[in-house]
Structures are given as C-alpha cells and as structure tokens.
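Colleague: I am new to this structure and would like a close look at a single part of it, the second largest pocket. Could you take me carefully through what lines that pocket, and then go on to some of the packing elsewhere?

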Amino acid sequence: MSPQPSSSAPLVAVIGGGPAGLMAAETVAGAGLSVALFDAMPSVGRKFLLAGVGGMNITHSEAAERFISRYREAAPWVAGWLEQLDAPALRQWIHDLGIDTFVGSSGRVFPTDMKAAPLLRAWLKRLRDAGVQLHTRHRWLGWDEQQALMFDTPAGHRRVQADAVILALGGGSWARLGSDGRWVSLLREKGMDIRDLRPTNCGFLCNWSQHLSSRFAGQPLKPVVARLSTTSGEQLERRGECIITEDGLEGSLVYALSAPLRELLERDGQATLQLDLAPDRSPAQLAELLTRPRKGQTLSSILRKRAGLDGLKVALLHECLERAQLLDSAQLAAGIKALPIRLHGTRPLDEAISSAGGIARQALDDQLMLRRLPGVFCAGEMLDWEAPTGGYLLTACFASGLVAGRGALAWLKAR
C-alpha cells in the first residue's frame with residue numbers, strides 16, 4: 001500500500017485525468033505527497049475509455065528499437081521516457097492492477113477482456129487508496145496574480161495554491177471528451193514555445209465523383225498496399241486496409257501514414273497516395289491476364305474474374321485513370337499496381353484520433369519541467385510528439401506521466 005500523505009506534505013496539483021495525468025498522480029502519491037487531480041469533465045479517463053471501445057490496445061510487443069522508431073523525429077526524446085516505463089514494464093504495471101494481458105496476432109497487446117473500463121476502475125481504486133483527491137468539473141483557467149491555479153467549477157471560480165503542478169491536458173482532438181487544446185493560449189501567454197496542434201491518425205479528403213461517393217462510401221478497401229514518397233524522399237510502403245468515405249479515406253492503413261501525408265499537404269497543398277489494388281500479383285502477371293481475348297466480356301468483368309478486383313476496386317480504376325489507360329493493357333496493369341489517389345486535405349482536428357504539435361522539446365528540461373515556469377511539469381499529448389496507433393500513443397502517455405511525476409518529486413526534494 002502507498003504511504004498516506006501527511007497533513008504537512010506538499011500539495012501537487014495534477015490537471016488532466018487521462019493516462020498521463022493519472023500516472024503522474026500515482027507516482028507522486030506513491031511517495032507520500034498530497035495529490036489533487038482536476039479534470040474538466042464529469043469523470044476522468046473519458047478518451048481512454050473511448051479508445052477501448054473497439055478493444056483496448058494498451059501497447060505493442062515489438063522489439064525496443066523498432067518500437068522507439070515509431071516516434072519518428074521525436075524518437076530520441078521519447079526514448080528517454082521509455083527507459084523509465086517501456087512496454088514490458090507497462091504490461092507488468094497492468095498485471096499488478098489485477099488485469100491480465102495477451103499479445104494479438106499483430107503484436108499488439110490487449111487486456112484479456114479487451115476492455116478499458118475494468119482497468120480504469122482498478123486504477124482509480126488504487127489512486128483513492130493512496131489518498132489522491134479527484135476533482136471533476138474543474139476547468140483550468142490559468143493562474144492569478146499570486147500564481148494560484150484558477151478553475152471554473154459548477155460552484156463558481158476556485159483558487160488552488162499548489163507546491164508543484166503537473167499539466168496533462170491532452171492534445172486537440174475529441175474536444176467533447178476534454179482534449180480541446182484551450183491550454184495552448186494560456187501557455188503562450190506565458191511565453192512558451194508551442195507548435196500548432198494538427199491532426200494525426202486521421203482521415204484524408206479527396207474529390208470523389210458523386211457516383212463513387214454514393215455507391216461505395218463506407219465500404220472497406222482490402223487488401224491493398226499503400227506507397228508514398230515523403231518530404232525527405234523516403235519511400236514508404238504499408239499493407240493493410242482502409243475505408244472509402246463520402247469525401248476521402250479513413251482507416252488503419254491511412255492512419256499509419258498520416259504524419260508523412262500531412263507533411264506533404266503542408267508543403268505542397270496536396271499529396272498523392274499510390275495504392276496497389278492487387279498486391280499478390282505482379283505487373284507482368286496482370287498484363288498477361290489482361291491481354292487475353294475478352295470473348296465478349298466487359299472490362300469490369302475481366303477485372304473481377306482475371307485480376308481478382310471487387311466492385312470498389314474496379315470503380316476506383318474508372319475514377320482515377322484516363323480512358324486511354326483503361327483501354328491499354330500495360331497501362332491498366334500499371335494503374336492497378338500504382339493507382340494515384342490525390343488527397344487535398346485532412347479531416348478536422350477534432351475528428352482525429354490524436355494530434356501532433358504541442359509544447360516544444362526545448363521549452364522543457366529532461367524532467368519535463370517548463371524552463372520558464374519552475375515547478376510546472378507537462379506530460380502526454382500536450383508535448384510535441386506523435387505516434388501511430390498500435391499502443392504507441394498510450395505507452396508514451398503513461399511513460400511521460402511517470403517522468404513528470406518523478407520530476408516533480410525531485411524538484412520538491414531539491415527545494
């Protein structure tokens with residue numbers, strides 16, 4: 001059992017009740033300090049619970065080097081957090097809560113019952129047992145002239161004087177669950193270096209015809225291989241599936257490529273994603289199949305029977321290729337293997353699974369304390385890093401919360 005805080009123990013205020021904030025609160029309370037956790041929503045962990053609706057993917061089992069590479073340019077920074085709480089350690093932490101986990105066929109790690117709610121309930125019990133005070137419906141408004149924290153509550157404004165503060169307010173996606181990005185203006189007023197919040201793990205927009213949109217919206221596109229050339233010239237390739245929407249593409253395949261696609265859009269105003277509609281056939285095989293006599297069959301029938309393409313893939317070929325390309329077997333085969341899908345934007349930030357951007361690394365020290373605001377620490381999606389889905393987002397949020405919590409303890413001890 002964690003030591004209970006004494007009446008004279010310093011008070012640490014944690015603002016934000018997602019995984020990063022809860023982990024920071026547990027870390028501080030475990031050292032015997034008083035912890036008050038504030039959240040704007042009626043209950044904590046709302047986005048965490050939503051992430052578990054389709055199966056709570058808590059982390060990933062792949063090798064550490066590959067795991068760390070998922071964080072792209074932020075990898076060296078995030079690697080420091082993962083030294084304190086990596087994927088195996090996170091699994092053990094979950095097991096210590098009485099929740100078993102298993103590794104799925106994709107390498108993703110899930111609780112045995114695939115649900116987030118039992119994990120959150122067990123965690124909140126541990127926090128309450130450690131003396132953490134939970135204050136919901138408390139929207140943070142910044143600081144007053146005496147540097148007290150200000151909150152808007154159903155009972156009116158409230159001031160809280162804390163010895164240290166840990167901010168874990170999330171990014172800018174799913175505002176209805178609490179991650180609304182309002183903190184950006186509050187910290188910019190204090191001179192913090194913050195990159196604009198942008199969508200990641202998101203859907204993308206393209207100009208489908210009315211025919212394609214009305215007939216195929218909501219249908220899965222699988223299996224396909226997606227390829228693109230990044231802003232640095234790197235060639236990326238992913239196999240998987242996605243979904244046609246009324247105005248673009250959604251789904252795990254495009255989510256995995258969302259960061260480089262967004263960067264292309266930011267640089268050029270558009271991005272081209274090449275889709276291989278027949279990943280298990282070579283261009284030569286396709287060309288040979290398509291040059292055989294048709295014997296009265298339509299092109300659509302040939303594509304279905306010989307190339308193995310379903311109605312959606314056939315419609316995409318008609319959507320994206322010129323008539324001359326459709327009539328030339330070699331060009332048609334090339335189009336099947338590298339169909340250009342031209343994207344012109346992302347879905348809105350509030351619809352994204354997560355957000356990129358946030359507090360720049362140089363604004364924080366190694367313990368995630370704001371250099372311009374001693375005693376104020378930050379964790380989770382507030383920081384300028386991003387990762388694909390697959391457990392990487394949650395793992396880094398948990399780890400950063402631990403780092404911020406330990407940072408607050410070290411800072412208070414040094415005082």
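Modeller: The strand β14 gives the largest share of the lining of the second largest pocket, namely five residues, and please keep in mind that the model you are looking at is a predicted one. The space in this pocket comes to about 750 Å³. Its lining is made up of 34 residues, and those closest to the centre of the pocket are R70, R238, A256, L257 and P388. Besides β14, which runs over residues 235-245, the elements that contribute two or more residues to this lining are α3 (64-69), α9 (252-256) and α10 (258-268). Sorted by class, the lining of the second largest pocket holds 13 polar residues, eleven charged ones and ten nonpolar ones.

From the pocket we can turn to the enclosed space in the model, where the count is one cavity of 30 Å³ or more. The largest cavity has a volume of about 40 Å³, and the residues that line it are L290, R294, L299, I302, L326, L327, D328, S329 and L332. Two or more of these lining residues come from each of α12 (299-307), α14 (323-327) and α15. In this lining six residues are nonpolar, two are charged and one is polar.

Helix α15, residues 329-337, also takes part in a helix pair, since its axis and that of α11, residues 283-291, come within 8 Å and cross at roughly 135 degrees, and the two helices are therefore oblique to each other. The crossing in which α11 passes α15 is right-handed. On the α11 side the contact is made by P283, L286, A287, L290 and T291, which meet S329, L332, A333, I336 and K337 of α15. This contact consists of seven nonpolar residues, two polar ones and one charged one. L290, S329 and L332, which belong to this contact, are also among the residues that line the largest cavity.

A second helix pair is formed by α4, residues 75-82, and α16, residues 392-414, whose axes lie 8 Å apart and pack at an angle of about 65 degrees. These two helices are therefore roughly perpendicular to each other, and α4 passes α16 in a left-handed crossing. Here V78, W81 and L82 of α4 meet T395, A396, A399, S400 and V403 of α16, a contact with six nonpolar residues, two polar ones and no charged ones.

Notes: Residues numbered from 1 in each chain as written. Predicted model: local features only at pLDDT ≥ 70, side-chain atom pairs only at ≥ 80, totals over all residues. Heavy atoms only, no water. Axes fitted to C-alpha atoms, helices over the stretch in contact; angles between N-to-C directions. Helix = DSSP H or I, 4+ residues; strand = E, 2+ residues; numbered from the N terminus. Parallel < 35°, antiparallel > 145°, perpendicular 65-115°, else oblique. Left-handed = near helix turned anticlockwise from the far one by under 90°. Contact = heavy atoms within 4.5 Å. Nonpolar A, V, L, I, M, F, W, Y, C, P; charged D, E, K, R; others polar. 1 Å grid on protein atoms, 1.4 Å probe; cavity = no way out; pocket = protein on both sides within 12 Å on 5 of 7 lines; lining within 4 Å. Points joined across faces, edges and corners; volume = space filled by probe spheres on them.
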